[in-house]
Amino acid sequence: MSSGDQPASPELAPYTPNFLRRLLRGLGSWLNLLSVWDFRIPLGSVQFLGLNFFLVNEPALVRRLMVDEVEAFPKHPYTLWMLEPLIGRGVFSVNGQEWAKQRVLVDQALQVAQLRRVFPQMQAACGASMERLGGAVGPMGQEVAVEMGEEMTLYTADVIVRTILSKALEPGEAAEIFVAFGRYQKRAGRALMLRFLRLPQGALQRSLAAHAAPIRAWIADAVDERLQQPFPGQHNDLLAALIAARDPQTGARFDRDALVDQVCVLFLAGHETSASALAMATYLLSRFPLAQQRLHLEVEAIQQGRSARGQDPAAPLSIDDLRQLPYGLALFSETLRLYPPLSFFIREAQGTTALAESRCPMRSLVTISPWVIQRHEHHWSDPNGFRPERFLADTACPQEKQWAKDAFLPFGLGPRKCPGSAFAFQEALLLLAELVRRYELLPEPGHQPDLVARLTLRSRNGVRVRLKGRP
Ligand code: HEM
């Protein structure tokens with residue numbers, strides 16, 4: 001699929017009606033479940049070992065499932081058991097009333113005003129990342145290959161630790177906790193495929209729990225330490241915001257165990273996803289110099305504006321500066337279109353119904369894949385090409401504006417839509433702007449990310465980019 005000037009994407013397998021073969025391929029990466037055909041049809045369905053599987057690509061049908069009839073298609077129970085050892089019964093994987101009660105409180109913790117309060121923590125993490133890169137690249141003019149997959153994982157992990165707990169990530173902790181996260185991801189992705197093959201749930205979950213234990217213990221210790229302080233809600237961080245959050249109707253709040261679950265959710269949902277997208281954004285910048293130049297010009301304009309106002313042009317970018325990056329915003333959106341960090345959502349039909357012309361029996365597993373929809377040939381012109389302009393208000397054609405509304409769902413849709421999207425854009429724009437301000441990003445000859453989708457989309461062989469200090 002990847003050719004000429006098109007950015008990396010895995011070769012798609014030819015269509016096979018043999019679903020067992022597809023599942024076995026899916027053990028390595030969920031993208032291997034797909035074939036060329038899936039990018040041409042509005043709806044796919046298959047029956048395997050008594051379970052009905054659907055892949056829904058048609059935007060109106062996707063809206064029905066994720067917005068209009070969300071209770072008829074809740075998150076699949078497999079989402080809960082796959083993640084329960086790590087996030088307990090946190091907001092990400094539960095349904096119904098249990099979910100609604102938690103979501104009110106999580107929304108309060110992530111509201112826009114809160115993002116302003118945690119911005120200094122993000123700036124500090126970005127500064128630490130620039131220092132690490134500065135150490136690796138060395139003197140001006142030197143050009144060095146950097147593993148951006150790793151660096152972006154460190155950056156987003158540092159952002160999440162600082163913004164949730166108000167402390168910096170110690171190098172030792174980073175190695176232990178975030179490697180354990182990576183391992184969990186890999187095992188959980190494989191466990192899901194093995195579950196489809198009818199392997200017993202208990203054994204799979206016990207093995208996942210062993211991998212989750214050190215992560216949960218570390219997070220539980222941090223929550224307990226905070227709760228023992230005299231004023232645990234008086235910090236400028238997300239844990240304080242979770243502690244302070246109250247249901248406006250009932251006054252209910254999170255107890256200690258629920259706090260541990262929600263912090264685990266924010267760690268999981270908030271760092272791997274952003275790391276995945278940021279790493280791919282740096283890859284795209286290195287591959288598309290004109291796009292990089294446009295972003296650099298936007299950053300330069302901010303610096304020139306500061307000089308004209310007698311301010312320090314070299315000071316770190318502020319939260320208001322990030323609003324002056326419309327092209328940066330479009331570039332990150334196009335990154336999320338091509339490389340959605342969560343590439344598959346799975347839901348369960350609560351009753352027998354019809355999907356388009358097909359009968360969808362009760363308990364069917366219904367998949368919505370941003371990866372497929374955002375590269376579907378019915379929805380996007382040049383679907384595998386990199387064109388940030390399609391997300392720019394003044395250059396996108398009316399049809400592109402429509403698809404950006406109907407066929408773009410990297411953060412999901414409807415009531416379960418990601419509450420962290422503004423947070424994600426803020427940390428991404430900050431990092432990308434500070435990066436191009438200091439460095440020219442160049443492609444690493446012969447390197448092409450080898451993408452695999454498990455819980456999140458990652459590159460098996462890393463994301464290598466060459467950095468060259470700007471004068
Ligand atoms: C580029 C980065 C991110 C992407 C692409 C992303 C994507 C998503 C998607 C697609 C969902 C919904 C999944 C579904 O419907 O099955 C989701 C849910 C969620 N995300 Fe994000 N996310 C990102 C960053 C963040 C950040 C930074 C946070 C928090 C700091 C966060 C917190 C959450 C939470 C708590 C949920 C669960 C919401 C619920 O179920 O009601 N995410 N995210």
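User: How should I read strand pairing here, and in which sense do strand 3 and strand 11 pair?

Analyst: Two strands count as paired if DSSP finds at least two bridges between them, where strands (E, at least two residues) and helices (H or I, at least four) are DSSP runs numbered from the N terminus. In this predicted model, local features need pLDDT of at least 70 and side-chain atom pairs count only at pLDDT 80 or more, while totals for chains, interfaces and linings use all residues. Residues are numbered from 1 along each chain as its sequence is written, and side-chain values use heavy atoms, with hydrogens and water left out. Strand 3 (residues 143-147) pairs with strand 11 in the antiparallel sense over five bridges, and Ala145 has Arg466 of strand 11 as its bridge partner. Strand 8 (residues 439-443) is also joined to strand 11 by five bridges and runs antiparallel to it, with Pro443 bridged to Val465.

User: Which residues of strand 11 form its covered face, and which its uncovered one?

Analyst: In strand 11 (residues 464-469), Val465, Leu467 and Gly469 make up the covered face, whereas Arg464, Arg466 and Lys468 make up the uncovered one.

User: How do I read the metal site, and which protein atom is the donor to the iron?

Analyst: Donors are N, O and S atoms within 2.8 Å of the metal (3.2 Å for Na, K and Ca), and since water is not among the atoms, sites may look incomplete. The iron atom of the ligand has a single protein donor, SG of Cys418, 2.3 Å away, and Cys418 lies in the loop between helix 14 (398-406) and helix 15 (421-438).

User: How is empty space found, and how much of it lies in the largest cavity?

Analyst: Rolling a probe the size of a water molecule over the atoms shows where empty space is left. On a 1 Å grid over the protein atoms alone, a cavity is a set of points where a 1.4 Å probe fits but cannot get out, a pocket is an open set with protein on both sides within 12 Å along at least five of seven lines, and lining residues have an atom within 4 Å of a point. Grid points are joined across faces, edges and corners, and a volume is the space filled by probe spheres set on the points. The largest cavity holds about 920 Å³; 45 residues line it, and Phe92, Ala269, Thr273, Leu342 and Cys418 are the closest to its centre. Helix 10 gives the most to this lining, with eight residues.

User: Which helix supplies the largest share of the lining of the largest pocket?

Analyst: Helix 7 does, with eight residues, and the space in this pocket is about 670 Å³.

Technical notes: Buried < 20%, exposed > 50% of the residue type's maximum accessible area, 1.4 Å probe, protein only.
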